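Work through the exercises below with the sequence and the model open. Try each task before reading its solution.

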Amino acid sequence: MRKKIIAANWKMNMTVAETVSYLESFRVHVEPVNGVEIVIAPPFTAIAKLSELLGGSQKIRLGAQNMYFEKNGAFTGEVSASMLRELFVKYVILGHSERRQIFGETDALVNKKVVTALASGLRPILCVGETLEERDAGREKEVLETQLRGSLAGVTAAQMNDVVVAYEPVWAIGTGRNATPEQAQDAHKHVREVLAELTDAGTAAKVRIQYGGSVKPANAASLLGQPDIDGALVGGASLEALGFSEIVKAAVA
Ligand code: PEP
């Protein structure tokens with residue numbers, strides 16, 4: 001009942017020219033694929049071009065990697081929700097661990113962005129996940145709960161239908177070390193339980209929860225086969241069109 005969603009987070013990679021040739025080949029690879037939602041989140045500089053090339057495609061949706069919560073004004077270097085909407089961006093990645101760790105984003109800031117995104121018609125892909133230190137201390141569930149409660153404060157049950165949660169253990173991001181399908185399933189189940197406490201069981205059952213952290217064509221099927229894993233947020237392996245299309249195909253296998 002939950003349509004799988006596979007998203008590419010290109011991070012600070014891909015020029016406009018590279019985006020054009022990527023899409024040309026990616027489209028051919030995913031042409032026969034149906035029943036899975038694909039999202040590409042390029043850097044801001046490539047959004048306009050990708051938007052033009054996608055032309056409102058229902059199959060490949062446009063994403064952004066971040067946004068600011070204010071409408072406009074003196075916020076050098078930031079981009080607003082309406083600027084993204086103007087380019088037909090549908091999803092926005094919020095609270096990524098790199099934003100949290102490198103740029104100091106807190107749950108309170110992420111919450112303002114989530115609330116603004118939803119009010120603006122954007123669907124947040126809200127990232128949560130524990131560090132290795134937190135997992136080693138047995139605190140992963142508590143950390144997930146704190147991040148979810150903080151980042152989703154004030155979000156109604158109706159709005160939760162537009163939220164995608166990405167469980168991304170920090171120790172698995174860009175390290176080549178993915179969570180085992182069992183570890184990921186355990187965390188996803190917990191995320192869904194917290195979402196049920198925040199809203200209700202029926203709403204939580206409909207929320208899509210992606211796994212992120214060193215997803216590759218070789219491990220995608222086993223992760224995506226878990227009952228509470230509804231998709232993947234893919235960094236490094238999404239930079240190559242063929243490999244990313246294989247991950248997309250693993251979602252329908
Ligand atoms: C990410 O940054 O969201 C991510 C999951 O990266 P990678 O796939 O490279 O681990």
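Contact means heavy atoms within 4.5 Å. Helices (H or I, at least four residues) and strands (E, at least two) are DSSP runs, numbered from the N terminus. Residues are numbered from 1 along each chain as its sequence is written, and side-chain values use heavy atoms, with hydrogens and water left out. The model is predicted: local features need pLDDT of at least 70, side-chain atom pairs count only at pLDDT 80 or more, and totals for chains, interfaces and linings use all residues.

**Exercise 1. The sheet**

Task: Give the strand order of the barrel and the sense of its pairing.

Solution. Start with the pairing rule: two strands pair if DSSP finds at least two bridges between them. Eight strands then form a closed barrel, in the order β1-β2-β3-β4-β5-β6-β7-β8, and the pairing is parallel. On average, neighbouring strands of this sheet are turned by 25° against each other, direction ignored. Axes here are lines fitted to C-alpha atoms, for helices over the stretch in contact; angles run from 0 to 180 degrees between N-to-C directions.

Now check some pairs. β5 and β6 are parallel and share four bridges. Cys127 stands opposite Ala166 of β6. Between β6 and β7, also parallel, there are four bridges. Val165 has Ile209 in β7 as its bridge partner. Two bridges link β7 (residues 208-212) to β8 (residues 231-234) in the parallel sense. Gly212 faces Leu233 in β8.

**Exercise 2. Side chains of β6**

Task: Which residues of β6 point one way, and which the other way?

Solution. Recall the general pattern: in a regular strand the side chains alternate between the two faces of the sheet. In β6 (residues 164-167), Val164 and Ala166 point one way. Val165 and Tyr167 point the other way. All of these are buried. The cut-offs: buried is under 20% relative accessible area, exposed is over 50%, and partly exposed lies in between (1.4 Å probe, protein chains only).

**Exercise 3. Helix α5**

Task: Test the length of α5, then find its buried side and what packs there.

Solution. Length comes before packing. The expected span of a helix is 1.5 Å times one less than its number of residues. For the 13 residues of α5 (residues 107-119) that gives 18 Å, and the end C-alpha atoms are 18 Å apart, which agrees.

Next, list the buried residues: Asp107, Val110, Asn111, Lys113, Val114, Ala117 and Leu118. They cover an arc of only 165° around the axis, so they lie on the same side of α5. The arc is that of the directions from the helix axis to the C-beta atoms. Exposed Ala108 and Ala119 sit on the face turned away from the buried side.

The buried residues pack against β4 (91-94), α4 (97-102), β5 (123-128), α7 (140-151) and α8 (157-160). Gly121 follows the helix, with a positive phi near 85°.

**Exercise 4. Asn111**

Task: Which backbone oxygen does the side chain of Asn111 reach?

Solution. Place the residue: Asn111 lies in α5. Asn111 counts as buried because its relative accessibility is 14%. The side chain of Asn111 reaches the backbone oxygen of Ala153 at 2.9 Å. Leaving aside neighbours within four places in sequence, the contacts of Asn111 are Gly150, Ser151, Leu152 and Ala153.

**Exercise 5. Helix α2 and Arg61**

Task: Describe how α2 packs, then list the contacts of Arg61.

Solution. Helix α2 (residues 44-54) packs on the sheet and touches β2 (36-41) and β3 (60-64). The direction of α2 makes about 160° with that of β3. Buried in α2 are Ala46, Ile47, Leu50, Ser51 and Leu54. Their arc around the axis is only 145°, which puts them on the same side of α2. Exposed Thr45 and Glu52 are on the face turned away from that side. The cover over the buried residues includes α1 (16-30), β2, β3 and α3 (81-86).

Arg61 is in β3. Arg61 is buried, at a relative accessible area of 16%. Not counting residues up to four places away in sequence, Arg61 touches Glu37, Ile38, Val39, Ile40, Leu54, Lys90 and Tyr91.

**Exercise 6. Positive phi in loops**

Task: Where do Met14 and Ser214 lie?

Solution. Met14 is in the loop between β1 and α1. Met14 is not a glycine, yet its phi is positive, about 85°. Ser214 is in the loop between β7 and α11. Ser214 is not a glycine either, and has a positive phi of about 55°.

Key
A polar contact is a pair of N or O atoms within 3.5 Å; within protein, one must be able to donate a hydrogen and the other to accept it, and residues adjacent in sequence count only if both atoms are side-chain atoms.
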